[in-house]
Amino acid sequence: MGRKIVLFGFWLLGYALGFGAWLVRAPIINWITNLGVSSDVAGALITGLAGSVVMLVGVILWSYLSNSN
């Protein structure tokens, strides 16, 4: 796979995950704030989790695809 296609894939996956997280953020933030965490920290937790999922999936896919050649 070309570098531009892989980078575009990372971008597209991150965009899709971020878009979905934005749509469901209010109920998740409310649930996390019920645990005693402020809404700012809850938002940061959601953002960090979404970013880590994107990077994990991206690295796994990139590793798998580069080893299959």
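# Legends to close-up views of a predicted three-helix model

Among the elements of the protein, the mean pLDDT is lowest in α1, at 81, and highest in helix α2 (residues 25-33), at 85. The model shown in every view is predicted.

**Figure 1. Overall architecture of the predicted protein.** The secondary structure consists of 3 helices and 0 strands, and the order of the elements from the N terminus is α-α-α. The protein has a radius of gyration of 15 Å, well over the 11 Å that the globule rule gives for 69 residues, so it is more spread out than a compact globule. Its C-alpha trace extends about 50 × 20 × 15 Å along the principal axes. For the whole protein the mean pLDDT is 82, with 97% of the residues at 70 or more.

**Figure 2. Burial and exposed surface of the protein.** Of the 69 residues in the protein, 13% are buried. The exposed area of the protein is about 5400 Å², and carbon and sulfur atoms contribute 72% of this area.

**Figure 3. The aromatic pair Phe8 and Trp11 in helix α1.** A search of the whole structure yields 3 aromatic pairs. In the pair formed by Phe8 and Trp11, the ring centres are 5.6 Å apart and the planes meet at 35°; the pair is therefore tilted, since an angle under 30 degrees would be needed for stacking and one over 60 for an edge-to-face arrangement. Both Phe8 and Trp11 belong to helix α1 (residues 3-23), where 3 residues, or about one turn of the helix, lie between their positions in register. Phe8 has a relative accessibility of 49% and is classed as partly exposed, because the exposed class begins over 50%.

**Figure 4. The aromatic pair Tyr15 and Phe19 in helix α1.** The ring centres of Tyr15 and Phe19 are separated by 6.3 Å and their planes by 25°, so this pair is stacked. Tyr15 and Phe19 are 4 residues apart in helix α1, which means a separation of about one helical turn. With a relative accessibility of 47%, Phe19 counts as partly exposed.

**Figure 5. The aromatic cluster of helix α1.** Four residues, Phe8, Trp11, Tyr15 and Phe19, make up one aromatic cluster. Within this cluster, the tilted pair is that of Phe8 and Trp11, while Tyr15 and Phe19 provide a stacked pair.

**Figure 6. Arg25 over the ring of Trp22.** Arg25 is placed over the face of Trp22, at a distance of 3.7 Å from the ring centre. Trp22 falls within the residue range of helix α1 (residues 3-23), and Arg25 within that of helix α2 (residues 25-33).

**Figure 7. Gly2 and Arg3 at the start of helix α1.** Gly2 is located in the segment before α1, whereas Arg3 is part of helix α1. The relative accessible area of Gly2 is 35%, which makes Gly2 partly exposed; Arg3, at 65% relative accessibility, is exposed. Between the C-alpha atoms of Gly2 and Ser66 the separation is 10 Å, although the two residues are 64 residues apart along the chain. For Arg3 and Gly36, 33 residues apart in sequence, the C-alpha to C-alpha distance is 43 Å.

Conventions. Residues numbered from 1 in each chain as written. Predicted model: local features only at pLDDT ≥ 70, side-chain atom pairs only at ≥ 80, totals over all residues. Heavy atoms only, no water. Phe/Tyr/Trp six-rings, centres within 6.5 Å; stacked < 30°, edge-to-face > 60°. Helix = DSSP H or I, 4+ residues; strand = E, 2+ residues; numbered from the N terminus. Buried < 20%, exposed > 50% of the residue type's maximum accessible area, 1.4 Å probe, protein only. Lys NZ or Arg CZ within 6 Å of the ring centre and 35° of its normal. Rg over C-alpha atoms; globule rule 2.2 N^0.38 Å. Areas by Shrake-Rupley, 256 points an atom, 1.4 Å probe, with all protein chains shown as cover. pLDDT = per-residue confidence, 0-100.
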